[in-house]
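Visitor: I am new to this structure, and I would like to understand the terms used for it. Could you show it to me and then let me ask about them?

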Amino acid sequence: MYYDPAETLSREDISRLQLSRLRTTCERAARSRLYARKFAEHGLRPEDVRTLDDLRRIPFTTKQDLRESYPDGLNAVPQEKMVRLHVSSGTTGTPTVVYHTAGDICWWSSLVARCMHMTGMRPGDVFQNTTSYGLFTGGLGMHYGAERLGCLAIPMGAGNTQRQLKLIQDFKVTALHIIPSYALYIANFCALNGIDPKSLGVRIALVGAEPYSEQTRSRLEGIFGFKAFNSYGLSEMNGPGVAFECQEQSGMHLWEDAYLAEVIDPQTLEPVKPGEVGELVLTTLCREGMPILRYRTRDLTRFLPGPCACGREHVRLDRITGRSDDLIIIKGVNIYPMQIEQVLMALPEVGQNYLIELYREGPIDQIRVKVEIKEEFFVEDMRALNALRQKIANKLRDEILVTPKVDLVEHNALPKSEGKAQRVVDMREAE
Ligand code: AMP
Ligand code: ZN
């Protein structure tokens, strides 16, 4: 059961289509100020791209390039042809802007509809979008996709959990788009308010926008009784709809008719060996307003080997383990926040929120993990709490190879955000 004939393309067809679209994309891109300059600097003309291997002759595009091109240096068509812009959620410095033509919005929506259909959503499903609207692409991006598929879309937006739950109940919502940290928060909210999350009747959750572990997925599926599908995207590549899990739930199919993907070693910038983890690099193949070539996403993942049982031949991405800039180095050991999450979410005593703090003790970097504990385990017996703290510290040490300080806190004690969660606070500079 496919939504779009493009889903069934063979490897050979995918390559043929990618080459013709890459050539068109290079021609379009050369009309923007950024690529006109980059091509000139590299002595490259769009017509020099004759094979897919020629992709490697094209220079990379970085977030910095996008910032320096603010506000419209990547536009490949006159502004009158644009119908929408999104500004990225970046917290520091100049934001990055992505413009879309009507055609761009059209294919973005159909990609998102394709993803939704792949998870089992169908016309007649009632879809509630629990992420913020506005500039965040997970709002309008998912919304347009759901409407395109023929679902009833409820643009609830972020926060206001009581109202979220009321709408889910009153309109018999069957599918949700939700950020993992917010899904955990709702689970906690339900527990505190005597609501059985399974009674909500949600079948499908599209869960993404920030990294989460397999352990978090199992936890959410167990609590809500829905199937949680991993959803990957980034504003520079539209937003949601870049890669998505099928019903096999084993890796996310990246739509190769719309994006050309590479995985590179972030140091050498060479492709990694097949199946190795590296930085994902993406090229838009359908965008007309603002094509982007070889964008360094900073997201770390790998191509999963072998075919998918669903029959689709579009390459699958492994769960994003983090961003290359998320790396924490403590006492010379490399740690990704996702490793900490995996350990915590597998422990039944641990509640739905945690925070990693980096601080300095004299000249030495230290790591502290604040962990919310479920109410039934937050007892007054000091010995029991100390034993639990020790257990968590040991489990974390086994995974990350340094022993963190562990603070146990009551549920709801840690700050929560309405959008993407901030899991790491670095206090080393301030001290
Ligand atoms: P933005 O475009 O600013 O909303 O953020 C896009 C970034 O969110 C990506 O580059 C990833 O770092 C992160 N992201 C989005 N979806 C996922 C996902 N399913 N798993 C892990 N990280 C994700
Ligand atoms: Zn599949």
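Guide: What follows is a conversation about domains, a sheet and a salt bridge in this model, which is a predicted one.

Visitor: How do you know that there is a domain 1 and a domain 2, and where do they lie in the chain?

Guide: The division comes from the domain assignment of the chain, which gives residues 1-324 as domain 1 and residues 327-426 as domain 2. The C-alpha centres of the two domains lie 30 Å apart.

Visitor: What makes domain 1 and domain 2 count as being in contact?

Guide: The cut-off is heavy atoms within 4.5 Å, and by that rule 24 residues of domain 1 are in contact with 23 residues of domain 2. Put together, the two domains bury about 1,900 Å² between them, with 53% of this area on carbon and sulfur atoms. Of the part that domain 1 buries against domain 2, N188, Q215 and R219 supply 27%, more than any other three residues.

Visitor: Which kinds of polar pairing are found between domain 1 and domain 2, and how many of each?

Guide: The rule for salt bridges finds 0 across this interface, whereas 9 residue pairs, both members at pLDDT 80 or more, are in polar contact between the domains. On the side of domain 1 that touches domain 2, helix 7 (180-192) and helix 8 (214-224) are the elements that give two or more residues, and helix 7 has the largest share, with 6 residues. By class, that side of domain 1 has 12 nonpolar, 9 polar and 3 charged residues.

Visitor: Why are strand 10 and strand 15 called edge strands?

Guide: The open sheet has 4 strands in the order 10-11-12-15, with antiparallel pairing, and strand 10 (259-264) and strand 15 (322-323) are its edge strands because each pairs on one side only.

Visitor: What makes strand 10 and strand 11 a pair?

Guide: Pairing requires at least two bridges between the strands, and strand 10 and strand 11 (residues 278-284) have 6 in the antiparallel sense, so they qualify. One of the bridge partnerships joins A261 to L282 in strand 11.

Visitor: Why is the contact of R302 with D318 called a salt bridge?

Guide: The side chains of R302 and D318 meet at 3.0 Å, N to O, and the limit is 4 Å, so the pair qualifies. R302 lies in the loop between strand 12 (295-301) and strand 13 (303-304), and D318 in the loop between strand 14 (316-317) and strand 15, so the pair ties together parts that are 16 residues apart in sequence. The structure holds 33 salt bridges.

Notes:
Residues are numbered from 1 along each chain as its sequence is written. Chains are lettered from A and ligands numbered from 1 in the order in which they are written. This is a predicted model: local features need pLDDT of at least 70, side-chain atom pairs count only at pLDDT 80 or more; totals for chains, interfaces and linings use all residues. Side-chain values use heavy atoms; hydrogens and water are left out. Domain bounds come from an automatic or database domain assignment. Buried area is the accessible area (1.4 Å probe) that two parts lose on being put together, summed over both. A polar contact is a pair of N or O atoms within 3.5 Å; within protein, one must be able to donate a hydrogen and the other to accept it, and residues adjacent in sequence count only if both atoms are side-chain atoms. Ala, Val, Leu, Ile, Met, Phe, Trp, Tyr, Cys and Pro count as nonpolar, Asp, Glu, Lys and Arg as charged, and the others, Gly among them, as polar.
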